[in-house]
Amino acid sequence: MFANSRLKVKLALGLLIALALCLLLAYSFLFKPVQAPELQSAVYLPEPKALADFSLVDEQGAEFNQQQLLGRWLLLAVGYTYCPDICPTTLASLVKFEKRLAEDGKRGELDYAFYTLDPQRDTPQQLQQYLAYFPIAIKGLSPKPGVSENAFEKSLAIVKKIKSEEGGNPKAYSVSHSVYIYLINPSGRLQAIFKPQQSRSGVKNFDSAVLYSDYKNIRRFWDASS
């Protein structure tokens with residue numbers, strides 16, 4: 001009788017241990033920490049950021065709002081057409097990026113846009129002429145004339161500063177600004193931010209190979225998580 005009791009205790013203990021292991025496995029599966037893709041120079045947002053309501057103007061003079069962001073991935077660069085260095089090289093990196101997409105048989109997989117931080121000089125016509133130098137379809141975007149509060153720039157935390165040149169020429173100024181490329185997902189939310197590489201001399205530039213590698217890892221991770 002004593003032996004039977006010991007056997008029952010062992011069986012009960014074994015069942016409790018098995019139950020505890022099952023609960024532990026279930027907990028680790030259901031409540032595992034949020035992971036992120038391995039990236040070289042990009043920041044992935046596990047919870048994509050919604051953009052505030054905005055209304056912009058494209059290079060054709062037509063309105064551009066949240067509706068145009070839905071259903072497609074978008075790589076967005078920011079800058080201005082009078083920029084002497086980082087802005088044209090950033091757009092050139094997007095051209096090389098699209099070439100890599102084509103080599104992988106994924107041409108036209110996403111859209112491209114360039115948002116100007118200098119709407120005073122960058123009219124829709126100026127944007128149209130400038131973007132024609134780059135052999136891919138890049139939509140030009142600018143704030144609506146007379147709009148002081150720019151919800152679009154605030155949503156992306158864009159920083160800019162106008163620096164007037166000496167001499168009093170109202171059109172002779174430069175625009176210093178944050179240098180990032182933004183990835184917006186098909187729901188119109190900010191999914192990732194790409195940072196440029198910096199040389200030893202302090203020059204910033206986007207490496208199209210790094211940009212493309214990070215983009216592929218983000219898409220692979222996003223597709224697997226959706």
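The following dialogue examines how the terms applied to this predicted model are justified.

Student: On what basis are the residues numbered and the values obtained?

Tutor: Residues are numbered from 1 along each chain as its sequence is written, and side-chain values use heavy atoms, with hydrogens and water left out. In this predicted model, local features need pLDDT of at least 70 and side-chain atom pairs count only at pLDDT 80 or more, while totals for chains, interfaces and linings use all residues.

Student: What makes up the secondary structure of the chain?

Tutor: The chain has five helices and twelve strands. Helices (H or I, at least four residues) and strands (E, at least two) are DSSP runs, numbered from the N terminus.

Student: Why are Y44 and F221 called an edge-to-face pair?

Tutor: Rings of Phe, Tyr and Trp (its six-membered ring) pair if their centres lie within 6.5 Å; planes under 30 degrees apart count as stacked, over 60 as edge-to-face and the rest as tilted. For Y44 and F221 the centres are 5.3 Å apart and the planes stand at 85°, so the pair meets both conditions for edge-to-face. Y44 belongs to strand β1 (residues 42-50) and F221 to helix α5 (residues 208-225), 177 residues apart.

Student: Why is Y44 called buried or exposed, and how is F221 classed?

Tutor: Buried means under 20% relative accessible area, exposed over 50%, and partly exposed in between (1.4 Å probe, protein chains only). Y44 has 11% relative accessibility, so Y44 counts as buried. F221 has 21%, so F221 counts as partly exposed.

Student: What makes Y130 and F134 an aromatic pair, and of which kind?

Tutor: Their ring centres are 5.6 Å apart and their planes make 65°, so this pair is edge-to-face. Y130, at 11% relative accessibility, is buried, and F134, at 12%, is buried. The structure holds ten aromatic pairs, and ring pairs link F97, Y112, Y212 and Y215 into a cluster.

Student: How do you know that the charged end of R121 sits over the rings of Y82 and Y173?

Tutor: A charge sits over a ring if NZ of Lys or CZ of Arg is within 6 Å of the ring centre and within 35 degrees of the ring normal. The charged end of R121 is 4.4 Å from the centre of the Y82 ring and 3.7 Å from the centre of the Y173 ring. Both residues are recorded as having the charge over the ring.

Student: How do you know that β9 and β10 pair?

Tutor: Two strands pair if DSSP finds at least two bridges between them. Four bridges join β9 (residues 181-184) to β10 (residues 189-194), so these antiparallel strands meet the condition. I184 stands opposite L190 in β10.

Student: In what order do the strands of the open sheet lie, and why are β1 and β3 said to stand at the edges?

Tutor: The open sheet of eight strands has the order β1-β10-β9-β4-β5-β6-β2-β3, with mixed pairing. β1 and β3 (63-65) each have a single partner strand, so one side of each lacks a neighbour in the sheet.

Student: Why is P84 called buried or exposed, and where does P84 lie?

Tutor: P84 has a relative accessible area of 65%, so P84 is exposed. P84 lies in the loop between β4 (74-79) and α2 (86-103). P84 and S174 are 90 residues apart in sequence and 9.5 Å apart in space, C-alpha to C-alpha.
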